[in-house]
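The exercises below ask you to work through charged pairs, nonpolar cores and local helix geometry. Try each task with the sequence and the structure in view before reading its solution.

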Amino acid sequence: MRSRLLKKIGLLMKNNSPYAELFRTYLVGAMNLVIGLTLSYLMQFYFLRFISFPLRTYVSNTLAFLIGVFFAYILTRKIVFNFDSILGTLKEFISFISISLINLFAPLGVWFLINLVNTEIQKNEIKYLIVTILIHGTILPLKYLVYKFFVFKPSLKK
């Protein structure tokens, strides 16, 4: 059974069907989430302790985004869309960054709303991680569609 599952995953990694690409989007999203959560967590609870709440949450998310967007671009090109090169055109990269702003502003907007209701959630390490995972997990399908039909469309036609 385990061997069958690994075989199916292997096929999904090579297949260029929309379902395989969406699967790989979640895989890359999980990798990006781990990178982003690690950066955000370290900044939120260790490196930026000199900044008070709620500003610290906004700064932590923004810095994690800026670093993570470069990793996300490379992983999306290589893993989601199976391009040979990790480098695309400057126009494609700028489009990717523009669309990736969803990853910055959506969480900041949600955190702003949470702060209006309960300021203690962002101060609790576990609750902070859970909410961040939920936020990013819900926007992944939208990002996949935008990347496929707008950002990487010219490269996919080649």
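**Exercise 1.** In this predicted model, decide whether K148 and E21 are buried or exposed, and establish how their side chains meet.

*Solution.* Begin with accessibility: K148 and E21 are both buried. Next, inspect the side chains, which meet in a salt bridge with an N to O distance of 2.6 Å. Finally, locate the partners: K148 belongs to helix α5 and E21 to helix α2 (residues 18-47), so that, at 127 residues apart, the pair links distant parts of the chain.

**Exercise 2.** Find how many salt bridges the whole structure holds, and classify the residues of the remaining pairs by burial.

*Solution.* The search of the whole structure gives three salt bridges, one of which is the K148 and E21 pair treated above. In another, the side chains of E92 and R77 meet at 2.5 Å, N to O; E92 lies in helix α4 and R77 in helix α3, 15 residues apart. Because buried means under 20% relative accessible area, E92 at 4% counts as buried, and R77 at 5% is buried as well. K123 and E120 also form a salt bridge, at 3.7 Å, N to O, but here K123 is partly exposed with a relative accessible area of 38%, and E120 is partly exposed with 48%.

**Exercise 3.** Describe the largest nonpolar core, and then trace the contacts of F81.

*Solution.* The core has 18 residues, of which V28, Y73, F81, F96, Y147, V151 and F152 touch the most other members. The elements that give two or more residues to this core are α3, α4 and α5 (125-151), and α3 gives the most, with seven residues. Turning to F81, and leaving aside neighbours within four places in sequence, one finds contacts with E21, T76, Y144, Y147, K148, F152 and L156; among these are E21 and K148, the salt-bridge partners of the opening exercise. Another core, of seven residues including Y41, F45, I114 and I135, lies apart from the largest one.

**Exercise 4.** Locate the kink in helix α3, and determine which residues make the nonpolar surface patch.

*Solution.* Helix α3 (residues 55-80) has a kink of about 35°, centred on G68, and just after this helix N82 takes a positive phi of about 55°. The patch, of about 460 Å², is made by F112, L113, L116 and V117. Of these, L116 lies in helix α4 (residues 90-117) and is exposed, because its relative accessible area is 60% and exposed means over 50%.

Key
Residues are numbered from 1 along each chain as its sequence is written. This is a predicted model: local features need pLDDT of at least 70, side-chain atom pairs count only at pLDDT 80 or more; totals for chains, interfaces and linings use all residues. Side-chain values use heavy atoms; hydrogens and water are left out. Patches are made of residues with over 30% relative accessible area and no salt bridge: like charges are joined within 9 Å, nonpolar side chains (Val, Leu, Ile, Met, Phe, Trp, Tyr) within 5 Å. Accessible areas come from the Shrake-Rupley method with a 1.4 Å probe; for residues, only the protein chains shown count as cover. A salt bridge is a side-chain nitrogen of Lys or Arg within 4 Å of a carboxyl oxygen of Asp or Glu. Helices (H or I, at least four residues) and strands (E, at least two) are DSSP runs, numbered from the N terminus. Buried means under 20% relative accessible area, exposed over 50%, partly exposed in between (1.4 Å probe, protein chains only). The bend at a residue is the angle between axes fitted to the seven residues ending there and the seven starting there. A nonpolar core is a set of buried Ala, Val, Leu, Ile, Met, Phe, Trp, Tyr and Cys residues joined through side-chain atoms within 4.5 Å. Contact means heavy atoms within 4.5 Å.
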